[in-house]
Amino acid sequence: MSSFPQAREFCLFIAEGGQYNRVPGESFLNDLIIAVGSARKPKLAAVREAVEGVLDLLLAGTSIQIVGVEVESGVNHTPLSREESMRGARQRAETLILIAREQARPWNYFIGLEGGLDSVMEDGRQRVFLESWVYVSDGARGHFGRSGAIELPEALAEEVFVKGTELSIAIDQFAGEAGIRDARGAWGVLSANKITRQEAFRVALIAAFAPFFNSNVYHKNAIAKLG
């Protein structure tokens with residue numbers, strides 16, 4: 001039996017302040033409330049998709065509500081290392097935990113999402129990759145999840161990683177568009193829309209939630225020997 005709360009009904013999510021995607025007259029059942037450290041639509045939609053994606057592993061039970069709250073990451077706008085992206089994701093979630101305690105919010109799970117860069121030296125050449133990181137906590141324990149990685153073109157890597165331009169600004173200039181991060185994101189531009197920002201975060205979210213909904217595997221103390 002999984003320790004992950006059981007879900008029967010998935011409610012529309014909202015973003016505090018903007019009440020994103022709120023249906024007039026919609027009443028929310030507050031059985032399971034997931035707080036997300038952002039009010040950006042792609043991030044909230046990724047959380048919704050991720051949770052919907054694991055419903056088949058759960059028994060009928062409670063409803064789910066997703067609430068987006070803008071909080072600071074405490075890191076650069078574009079983290080420049082894996083460690084910084086992880087720290088940003090975790091700090092967003094931990095800020096939500098503090099808010100919940102101070103304001104007596106009935107939130108059950110706390111999620112921080114952070115997109116950032118990581119670089120490696122390969123055959124004498126620096127390669128820069130875009131990654132999406134997630135930290136999920138139930139207030140007592142937390143786990144990280146990560147998407148795959150996609151390599152940045154040299155010109156874009158130079159602008160962001162070396163010159164320090166924020167990725168959201170640089171990718172707009174690079175692609176000749178506006179507001180890319182609130183739509184397909186840099187992931188969409190670089191993958192010809194085969195992988196969007198939302199999809200990258202969805203994968204990272206499922207990975208971060210895995211120790212909660214697949215707790216039997218994560219609680220094993222030893223690996224059984226065959227034969």
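Colleague: Hi! Which element gives the largest share of the lining of the largest pocket?
Modeller: That would be β5, which supplies four residues. Bear in mind that this is a predicted model.

Colleague: Noted. How much space lies in that largest pocket?
Modeller: The largest pocket holds about 580 Å³ of space.

Colleague: And which residues are closest to its centre?
Modeller: K43, H77, R92, R181 and R197 are the closest to the centre, out of 29 residues lining the largest pocket.

Colleague: Which elements give two or more residues to that lining?
Modeller: Two strands and three helices do: β5 (109–122) and β6 (125–137), along with α4 (167–175), α5 (185–190) and α6 (197–213).

Colleague: What does the lining of the largest pocket look like by class?
Modeller: There are 11 polar residues, plus nine charged and nine nonpolar.

Colleague: Switching topic: what volume does the second largest pocket have?
Modeller: The second largest pocket comes out at about 170 Å³.

Colleague: Which residues line the second largest pocket?
Modeller: From the N-terminal end, R125, Q126, R127 and V128, then E151, L152, P153 and E154, and finally A157, E158, F161 and V162. The elements giving two or more residues to this lining are β6 and α3 (154–162).

Colleague: Which element gives the most there?
Modeller: α3 does, with five residues in the lining of the second largest pocket.

Colleague: Last one: how many nonpolar, polar and charged residues are in that second lining?
Modeller: Six are nonpolar, five are charged and one is polar. Among the charged ones in that pocket are R125 and E151.

Colleague: Great, thanks!

Key
Residues are numbered from 1 along each chain as its sequence is written. This is a predicted model: local features need pLDDT of at least 70, side-chain atom pairs count only at pLDDT 80 or more; totals for chains, interfaces and linings use all residues. Side-chain values use heavy atoms; hydrogens and water are left out. On a 1 Å grid over the protein atoms alone, a cavity is a set of points where a 1.4 Å probe fits but cannot get out, and a pocket is an open set with protein on both sides within 12 Å along at least five of seven lines; lining residues have an atom within 4 Å of a point. Grid points are joined across faces, edges and corners, and a volume is the space filled by probe spheres set on the points.
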